[in-house]
Amino acid sequence: MSVDFNREVDRRSTSDVKWRPEGLKGYLPIEVSENEIPMWIADMDFACPECIVRAIKERADKEIFGYCSYKQEYYDALTWWFDKRFGMKIHTDLVSMMPTVVSAINVAIRAFSNPGDKVIIQQPVYDPFAELIKKTGRVMVNNGLICNDGLYEMDFPLLEEQAADPDAKIMILCSPHNPVGRVWTKEELARVGEICKKNNVLVIADEIHSDLVYAGYVHTPFALASDAPHLLCTSLGKTFNVAGLRLANIFSSSAELKKQYDQEIDAYSYSASNTFGLEMVQAAYSPEGEAWLEELLVYLQGNVEVVSEWCQKHNVGFTAPQGTFLCWLDLGSAGLTDEEIIKKIIMGKEVICVPGPWFGKGGEGHLRLNIGCTRKTLVEALDRIASVLNN
């Protein structure tokens, strides 16, 4: 297999939010033109693997799209992938389906805590975590990450203190971490599990980026690092650029946990039996899908190297991500304030990235850059940012 990741796919002619100025307005209240370079929302600009496209076309040819259910082939694909990629044995009777990982976390917060209870997160981190906690009437507790010379680490002494609070019921773990790109080691995950198990804190592990890990690093599913009660939230959305097909797989650590979780799913009338999503999973979790992923990782690694060299040239703080297709740039080190980042780069040069403060405390002076794009697009975006830094 040889995939041309330099091929540009026209996304402006579709309803894709990322490349439509009107879609951006709901995210950042700014005016942009079609000269924008969108590097914000976390999906990629690459065409999906041929095996997925082929499977969906074949399903469309059947000419009917009624209610559907999960066949054994679906579970076989799921089992094969997690065993092959991570050495993780899937118990299919402990799998729940949801449309997205965010909706899965939303339901889990409601199922395993009450309004007023505390939920621990690790900022700077994916903003919907804090929003879900707020909107469900829970209290956010920040176990802020510690940055040591660009490498982010967990504050375990603080986590010990926070988890010991009897009002703390849940910890949301981002693994690999968005936006800082850390791939947590098995030892780090085991320590989280030890602390949370001792204090009866449920771990909700968002592992949506688990397949996107670079050479030299290994993603360990939380289930393989700890026997602490947990929900492991996964999806193909990031790996194969299929977020619009809306299907996530949630693994519970016990039958009792799954029963309680599924009761909450039923209470909200969620259904994830997406006709094309089912076909997508079976096609993607295959040797052909894996071969495509391996080529993708090589290309993304090349993009990381381009960013790294550019940052060195322009004195921008940067530590190469261990996983994800997201780069966390410290533009504060280059002398820009958060206001200047928005005004001069996002609005002025129309390089649409996510401002660091969106990720909470610790995000100040930073910018999250989505490198899931062609090399040409990446270089043009960096050139525009450089023109701001040079002035």
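This briefing covers a sheet, the salt bridges, the cysteines and two single residues of one structure.

The model is predicted: local features need pLDDT of at least 70 and side-chain atom pairs count only at pLDDT 80 or more, while totals for chains, interfaces and linings use all residues. Residues are numbered from 1 along each chain as its sequence is written, and side-chain values use heavy atoms, with hydrogens and water left out. The structure holds 22 salt bridges and zero disulfides. One of its features is an open sheet of seven strands.

**The sheet**

- Helices and strands are DSSP runs, numbered from the N terminus; a helix is H or I with at least four residues, and a strand is E with at least two.
- The strands of the open sheet follow the order β2-β10-β9-β8-β7-β3-β4, and their pairing is mixed. Two strands pair if DSSP finds at least two bridges between them.
- At the edges are β2 (95-98) and β4 (139-142), each of which pairs on one side only.
- On average, neighbouring strands of this sheet are turned by 25° against each other, direction ignored. Axes are lines fitted to C-alpha atoms, for helices over the stretch in contact, and angles run from 0 to 180 degrees between N-to-C directions.
- Strand β10 (residues 248-252) pairs with β2 in the antiparallel sense, over four bridges. Met98 has Ala248 as its bridge partner in β10.
- Helix α3 (residues 72-86) packs on the sheet and touches β2, β9 (230-235) and β10. The direction of α3 makes about 70° with that of β10.

**Salt bridges**

- A salt bridge is a side-chain nitrogen of Lys or Arg within 4 Å of a carboxyl oxygen of Asp or Glu. For accessibility, buried means under 20% relative accessible area, exposed over 50%, and partly exposed in between (1.4 Å probe, protein chains only).
- Lys18 and Asp43 form a salt bridge, with their closest N and O atoms 3.8 Å apart. Lys18 lies in the segment before α1 (21-25) and Asp43 in the loop between β1 (37-38) and α2 (50-60), so this pair ties together parts that are 25 residues apart in sequence.
- Lys18 is buried, at 1% relative accessible area, and Asp43 also counts as buried, at 14% relative accessibility.
- Glu290 and Arg85 meet through their side chains in a salt bridge of 2.9 Å, N to O. Glu290 is part of helix α11 (residues 287-313) and Arg85 of helix α3, so the pair ties together parts that are 205 residues apart in sequence.
- Glu290 counts as buried at 10% relative accessibility, whereas Arg85 is partly exposed with a relative accessible area of 22%.
- Glu160 and Lys198 form a salt bridge of 3.0 Å, N to O. This pair links distant parts of the chain, with Glu160 in helix α6 (residues 156-163) and Lys198 in helix α7 (residues 186-198), 38 residues apart.
- Glu160 is partly exposed at 21% relative accessibility, and Lys198 is exposed, with a relative accessible area of 54%.
- Arg11, Asp16, Lys18, Asp43 and Asp45 are joined into one network by salt bridges that share partners.

**Cysteines**

- A disulfide is a covalent bond between the sulfur atoms of two cysteines. Here the term applies to a pair of cysteine sulfur atoms within 2.5 Å.
- Why does Cys147 have no bond to Cys311? The sulfur of Cys311 is the closest cysteine sulfur to that of Cys147, but at 14 Å it is too far for a bond.
- Cys174 is in no disulfide either, and its nearest cysteine sulfur, in Cys233, is 11 Å away.
- Cys147 is partly exposed, with a relative accessible area of 41%, while Cys174 is buried at 3%.

**Two single residues**

- Glu279 lies in helix α10 (residues 275-284). Glu279 is buried yet has no salt bridge, and Arg59, the nearest side chain of opposite charge, is 4.1 Å away. Lys and Arg count as positive and Asp and Glu as negative; His and the chain ends are not counted.
- Leaving aside neighbours within four places in sequence, Glu279 is in contact with Ala55 and Arg59. Contact means heavy atoms within 4.5 Å.
- Phe82 is found in helix α3 and is buried, with a relative accessible area of 3%.
- With neighbours within four places in sequence again left aside, Phe82 is in contact with Gly87, Met88, Ile90, Thr234, Phe251 and Tyr285.
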